[in-house]
Amino acid sequence: MRALTIDAHGGLEQLRYRDDLAAPVLPAAGAVRVRLRAASLNRLDLWTVGGLPGVSITPPWILGADGMGVVAEVSADVAADPRGVRAGDRVMLNPGLSCRSCEYCLKGEHSLCVGFRLLGEHHPGTLAEEIVVPATNVRRVPPGVSDEVAAAFTLATLTAWRMCVTRAQVREGEDVLIWGIGGGVALAALQICKARGARVFVTSSSPDKLERARALGADELLDHSTMNVAREIRARTKRRGVDVVVDSIGEKTWEQSLGSLTRMGRLVTCGGTSGPALTMDVRKLFWYQWSILGSTMGNDAELDAIVAELAAGRLHPPIDSVHALADGRAAFERMESGKQFGKIVVRIADD
Ligand SMILES: [Zn+2]
């Protein structure tokens with residue numbers, strides 16, 4: 001089968017399109033084999049190419065976390081389950097793999113699983129013609145949703161949903177600051193916070209991205225390349241600050257994120273693309289009674305919630321560009337450039 005792979009870590013020169021890989025074999029129980037039609041990229045895929053501490057790959061390693069396709073085959077127990085998917089069903093994949101038996105899984109907190117793994121990072125990924133995943137990791141694509149949108153949806157929307165709804169609990173009338181509008185998580189967070197009735201402040205260094213965010217409902221636009229965001233937030237909120245900050249940038253933004261929070265404010269983070277080392281003044285933390293919230297991916301209940309939002313047309317990931325699998329390197333170059341607004345999609349099958 002065809003796939004986009006790496007044999008070793010490094011830069012994008014390591015990417016290799018191949019057409020000679022063996023298709024994955026369906027296990028006896030609990031799994032589905034999916035013929036993929038489209039995949040989408042996340043920053044995580046760039047980290048995987050570069051190499052992550054503690055994660056080792058077996059060449060040729062298939063990249064990709066997000067994807068959708070058509071079920072080709074299901075294990076016998078899945079076929080016996082009246083609610084299970086069937087061959088021919090159009091499905092989207094949840095990239096998070098959990099053991100289903102540890103303390104956290106049994107509580108329904110699958111992204112806290114002690115054995116939590118991701119497609120494309122610890123398990124062969126979605127940038128291939130076929131994949132085998134646990135049946136618990138697929139959901140039927142709602143009618144009317146395109147392949148591209150279904151492939152672009154899950155990882156970013158699930159991450160943003162858990163951050164904004166479950167962890168920060170954004171409410172009507174609150175002010176929210178979202179860093180780096182244009183990325184998949186930030187755009188999903190914008191849509192989720194607007195749907196919940198918040199006033200949303202977004203930042204970018206690109207005036208074009210800011211204007212496009214306004215068209216998606218952003219209320220206040222901040223160019224973080226020309227201003228101190230914390231100072232500007234104070235100026236635009238009568239010195240009060242915002243209730244919630246959504247930050248996935250880390251080192252570069254941390255101080256201004258804290259400086260933007262009001263009393264009892266919540267800072268929620270799902271990553272640190274600019275670096276992991278943070279400092280803070282504990283006196284401000286307790287005096288202003290802030291909450292610092294970590295968040296990773298989401299659980300099955302949150303996955304079902306976002307698929308329902310997709311079916312209802314309330315969440316809709318903007319698509320930046322669509323690339324052919326054979327030209328997958330162009331998709332990665334687009335991600336590395338940081339110029340994208342929305343999701344970068346890779347088309348795998350056209351039939
Ligand atoms: Zn578990």
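What is the volume of the second largest pocket? In this predicted model, the second largest pocket has a volume of about 420 Å³. Its lining comprises 22 residues, and those nearest the centre are Glu255, Leu258, Gly259, Lys284 and Trp290. Two elements, helix 8 (254–260) and strand 15 (261–269), each give two or more residues to this lining. Helix 8 gives the most, with five residues. Sorted by class, the lining of the second largest pocket holds eight nonpolar, five polar and nine charged residues.

Trp290, which is among the residues nearest the centre of the second largest pocket, also takes part in an aromatic pair. One such pair was counted in the model. The ring centres of tyrosine 288 and tryptophan 290 are 5.5 Å apart and the ring planes lie at 35 degrees, so the pair is classed as tilted. With a relative accessible area of 10%, tryptophan 290 is buried. Tyrosine 288, in turn, is partly exposed, its relative accessible area being 27%.

The largest pocket encloses about 1,400 Å³ of space. It is lined by 47 residues, of which Arg43, Trp47, Ser248, Ile249 and Thr273 are the closest to its centre. Two or more lining residues come from each of helix 1 (43–50), helix 4 (147–167), helix 5 (184–195), strand 14 (242–247) and strand 18 (343–347). The lining of the largest pocket is made up of 19 nonpolar, 22 polar and six charged residues.

Cavities were also examined, and two of 30 Å³ or more are present in the structure. The largest cavity contains about 80 Å³ of space. Thr157, Gly184, Ala188, Pro317 and Pro318 lie nearest its centre, among 13 lining residues. Helix 4 and helix 5 are the elements that give two or more residues to the lining of the largest cavity; both helices also give two or more residues to the lining of the largest pocket. In the largest cavity, seven of the lining residues are nonpolar, five are polar and one is charged.

The second largest cavity has a volume of about 40 Å³. Its lining consists of Asn94, Gly96, Ser98, Arg100, His110, Phe116, Gly298, Asn299 and Asp300. By class, one of these residues is nonpolar, six are polar and two are charged. Histidine 110, a member of this lining, is 110 residues from glutamate 220 along the chain, and the C-alpha atoms of the two residues are separated by 35 Å. Glutamate 220 belongs to strand 13 (residues 220–223) and is partly exposed, at 21% relative accessibility.

A zinc ion is coordinated by the SG atoms of Cys99, Cys102, Cys105 and Cys113, at 2.3 to 2.4 Å. Along the sequence, the spacing of these donor residues follows C-x2-C-x2-C-x7-C. The arrangement around the zinc ion is tetrahedral because the four donor atoms subtend angles of 102 to 119 degrees, all of which fall between the limits of 85 and 135 degrees. Two of the donor residues were assessed for accessibility. Cysteine 105 has a relative accessible area of 6% and is therefore buried, the cut-off for this class being under 20%. Cysteine 113, at 6% relative accessibility, likewise counts as buried.

Notes. Residues numbered from 1 in each chain as written. Predicted model: local features only at pLDDT ≥ 70, side-chain atom pairs only at ≥ 80, totals over all residues. Heavy atoms only, no water. Donors = N, O, S within 2.8 Å, 3.2 Å for Na, K, Ca; no water. Tetrahedral: all angles 85-135°; square planar, octahedral: opposite > 155°, others 65-115°. Buried < 20%, exposed > 50% of the residue type's maximum accessible area, 1.4 Å probe, protein only. Phe/Tyr/Trp six-rings, centres within 6.5 Å; stacked < 30°, edge-to-face > 60°. 1 Å grid on protein atoms, 1.4 Å probe; cavity = no way out; pocket = protein on both sides within 12 Å on 5 of 7 lines; lining within 4 Å. Points joined across faces, edges and corners; volume = space filled by probe spheres on them. Helix = DSSP H or I, 4+ residues; strand = E, 2+ residues; numbered from the N terminus. Nonpolar A, V, L, I, M, F, W, Y, C, P; charged D, E, K, R; others polar.
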